[in-house]
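User: Hi! I'm new to this one, could you walk me through how two of its chains meet?
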Protein chains: 4
Amino acid sequence: MEYRYQRRVQFYETDLAGIVHFSWFPRYMEEAEHAMWRAAGLSITPAGLDIGFARVSVSVEFHAPLFFEEEFQVHVRIAAISRRSIRYACAITRGDTKIATGTMAAVCVQRRPGETFRAVEIPAEVVDRLKS
Amino acid sequence: MEYRYQRRVQFYETDLAGIVHFSWFPRYMEEAEHAMWRAAGLSITPAGLDIGFARVSVSVEFHAPLFFEEEFQVHVRIAAISRRSIRYACAITRGDTKIATGTMAAVCVQRRPGETFRAVEIPAEVVDRLKS
Amino acid sequence: MEYRYQRRVQFYETDLAGIVHFSWFPRYMEEAEHAMWRAAGLSITPAGLDIGFARVSVSVEFHAPLFFEEEFQVHVRIAAISRRSIRYACAITRGDTKIATGTMAAVCVQRRPGETFRAVEIPAEVVDRLKS
Amino acid sequence: MEYRYQRRVQFYETDLAGIVHFSWFPRYMEEAEHAMWRAAGLSITPAGLDIGFARVSVSVEFHAPLFFEEEFQVHVRIAAISRRSIRYACAITRGDTKIATGTMAAVCVQRRPGETFRAVEIPAEVVDRLKS
């Protein structure tokens, strides 16, 4: 599964160098991820379930700067899905210009009040919807 | 009760105008508020209790810009405390320069899973510690 | 002039209380402000001009919490415009529910490298476009 | 060169899962980087020079969650320094618990108004101070 997410740079995302601060790219990638889940009829925080997805890793390579008010696209796709974890590959572009590329991985965890997160299997319905 | 909180401007807090973006001032004020609570032996999210503090209002007036790496102070004091709410007055300064002044108010609420926040009385111990 | 801006709550905008952190509301208001400027054919950072708009004040009152993935509207309108400053009034709603109301004011400043901001008159073309 | 940076988790850094949102870790790493530069008598944005450092890459692996008000350390060290770029290795710990590990790389660029960033050599004085 893959998804194209459209976004515009906000003023507070820029820094004194006049470009988007690099810490916003993981957020852009997550926005696209969650939009993809919604497009699949899912939510990353499913109501009534005590599961969630904890980040295992994130990496971003920066190719060109992004400026205030520019429109850009985040292309996200599922690079791998195992019993307990999902890995995404992302590409951020402005028109034909490659701005950044990145990866994110998350593991399905059970969250119970007062307990440590524990890795569990991704619900079958979630896997089905993300694979279609 | 009052408290003086010391802080330095971080790179990601600046915007393309080369100054701290105004949305950081409510955060600076909250950092000082929570530091004051810790100085009083308290936490804004008390362990084992289902209460919290929900913002009712915030206001900030800006007098001078703040720049990257500058050190500044946030002076916070309790301007009023009633049975269910607390109002703070804040002043942000860099040396003798007045940067910003602001107010924040919060109401004590009961938080129960799946329920709406409901205003409740501030625990007596909290009031005692904040008034001393 | 007024504008209605549509937005969805992102994951990183929530806090441990499970709701949008109050510091995001000034950002939502600014997003709407800049979208209104774009709708008027303007940019808050006009290319080729050495002027900008420095915040003078911001205030927000919170009426109801906002949750992850919820869609909401920011209604922004120019409450007053003088020779050098603009004041906005904002209302944030989720359907028929009033979430927050706020105000923001900004003053037009000249920005020259190495110099302090100096209040100047808002260019006539900007005033014309914002008033139409 | 290496540096140990002490920090406390702020309320607005947590998300609805009750832990620090993963997008804050690149920021924590950058805070430690800039503190190391200050400890070396440098600033990442040297006054009077038209150079800066543009991010080339960032990666973080997450080992354990970090919670509100917890104190943690960011250990940053220069893993490699070439004529035009610097690579950092970071470890984020809370006491003996390993929270996250990461890397960042930046390239020295010339910034001139209206021009594209252009990679240039890191000034000799900067290299000397960072290597001592």
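Analyst: Happy to help; here is a look at the contact between chain A and chain D. This is a predicted model, where local features need pLDDT of at least 70, side-chain atom pairs count only at pLDDT 80 or more, and totals for chains, interfaces and linings use all residues. Residues are numbered from 1 along each chain as its sequence is written, and chains are lettered from A and ligands numbered from 1 in the order in which they are written.

User: How many residues does each chain bring to the contact?
Analyst: Chain A brings 19 residues and chain D brings 19 residues, with contact meaning C-beta atoms, placed from the backbone, within 7 Å.

User: Which parts of chain A touch chain D?
Analyst: Helix H1 (24-39) and strand S2 (51-62) of chain A each supply at least two residues. S2(A) gives the most, with nine residues. Helices (H or I, at least four residues) and strands (E, at least two) are DSSP runs, numbered from the N terminus.

User: And how do S2(A) and S2 of chain D pair?
Analyst: They run antiparallel, over five bridges; pairing takes at least two DSSP bridges between two strands. A:Ser57, for example, sits opposite D:Glu61 in S2(D).

User: New topic: what turn lays chain A on chain D?
Analyst: A turn of 180° with a shift of 0.0 Å along the axis does it, with an RMSD of 0.0 Å, superposing by least squares on C-alpha atoms of residues with pLDDT of at least 70 in both copies. The two copies are therefore related as by a two-fold rotation axis.

User: Which residue of chain A comes closest to that axis?
Analyst: A:Ser59, whose C-alpha is at 2.0 Å. Both copies also use the same surface, as 100% of the contact residues of chain A recur in chain D.

How values were computed
Contact = placed C-beta atoms within 7 Å.
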